[in-house]
Amino acid sequence: MTMRVSFVVMLLVLWTAPAHSYVVSVCQDKGPGTTGKAAPTIATFLGHMAKSMGEDPAAFEGAYLNRRSSCDAHAKANSSVFAVLDADTLLAHRADWQVSPIAHLGTATQTVWHVLVREGSLKSLSELEGKVVMSTAPGGARFVSNLVLDGAVTPDALKLKGTSKPLKALRSLARGKVEAAIVDQDAVAALSELELPVKLEVLGKSAPLPGLTLAAVQTGATSAPPALVKSLKGALNHLCEGEGKKLCKTLGVRGFSPVASGWWKTLGKRYDR
């Protein structure tokens with residue numbers, strides 16, 4: 001009798017367990033928080049994503065990473081089939097990951113990076129050559145040079161200091177520790193609320209860029225199954241509903257918007273200039 005019950009339980013476990021667990025890397029270089037603190041929210045969202053796609057709630061697992069090296073290591077070690085990537089990571093892995101963008105969290109114009117300096121200190125972006133710049137933008141000199149500064153300074157002529165904290169960048173600039181700070185539009189909007197020792201001004205800003213983008217990874221054995229990609233595209237309108245609402249609110253987005261035709265190639269050309 002005991003053996004029969006055990007056999008039935010085993011069958012139930014095998015029947016209810018997902019046939020395959022797919023891994024999703026959620027990467028935001030210089031993003032807030034930690035992998036550990038984000039784990040419950042990520043797990044809840046991925047379960048909601050699976051149910052929205054008609055999959056078993058346990059079909060996906062993943063992690064939030066806010067350092068490029070951690071993101072790369074996670075995706076490689078776990079053979080991620082989907083990834084949520086900041087703009088720089090997305091562009092940097094076009095070839096080796098063969099990423100195929102599916103949708104933006106928010107819109108393709110979600111983020112505008114602003115270059116701030118002390119009032120009256122500099123007159124043009126080209127004057128940043130050789131000067132120390134503290135940046136909260138993802139990635140490094142290539143992204144900043146080509147997409148934030150629009151080519152005004154070459155990557156090798158930039159002296160970047162990265163930080164995940166906009167307030168630190170602004171205070172460092174105001175106190176003369178750096179010559180410029182790169183922050184997004186939200187930090188600029190809050191500038192008047194800060195008590196800084198000197199006035200800061202915007203020297204320049206980027207064209208509108210995506211914040212995070214959901215993409216399929218298409219490299220060999222780790223390729224996302226076409227049927228799964230199709231199912232995910234069909235579920236986009238539901239990802240910020242129900243259990244997905246918390247993560248979307250945390251990221252400051254109201255929904256996912258499909259990637260527009262031609263967007264990927266245009267942005268790639270600007271990144272590669």
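**Reading a five-stranded sheet**

Modeller: The chain has ten helices and eleven strands, and since you will be looking at a predicted model, please read each feature below as part of that prediction.

Biologist: How many residues does the chain have, and what share of them is buried?

Modeller: There are 273 residues in the chain, and buried ones make up 45% of them. Along its principal axes, the C-alpha trace spans about 85 × 40 × 30 Å.

Biologist: In what order do the strands of the open sheet stand, and which strands lie at its edges?

Modeller: Strands of a sheet pair through backbone hydrogen bonds, in either a parallel or an antiparallel way. Here the open sheet has five strands in the order β7-β6-β8-β5-β9, and the pairing is mixed. The edge strands, each of which pairs on one side only, are β7 (159–162) and β9 (200–205). On average, and with direction ignored, neighbouring strands of this sheet are turned by 30 degrees against each other.

Biologist: In which sense do β6 and β8 pair, parallel or antiparallel?

Modeller: Strand β6 (residues 132–135) and strand β8 (residues 180–184) pair in the parallel sense, over three bridges, and you can find serine 135 opposite isoleucine 182 in β8.

Biologist: Which strands does helix α5 touch, and which does helix α6 lie across?

Modeller: Helix α5 (residues 141–148) packs on the sheet and touches β5 (113–118), β6, β7, β8 and β9, while its direction makes about 95 degrees with that of β5. Helix α6 (residues 166–174) lies across β5, β6, β8 and β9, and runs at about 155 degrees to β8.

Methods: Residues numbered from 1 in each chain as written. Predicted model: local features only at pLDDT ≥ 70, side-chain atom pairs only at ≥ 80, totals over all residues. Heavy atoms only, no water. Pairing = 2+ DSSP bridges. Helix = DSSP H or I, 4+ residues; strand = E, 2+ residues; numbered from the N terminus. Axes fitted to C-alpha atoms, helices over the stretch in contact; angles between N-to-C directions. Contact = heavy atoms within 4.5 Å. Buried < 20%, exposed > 50% of the residue type's maximum accessible area, 1.4 Å probe, protein only.
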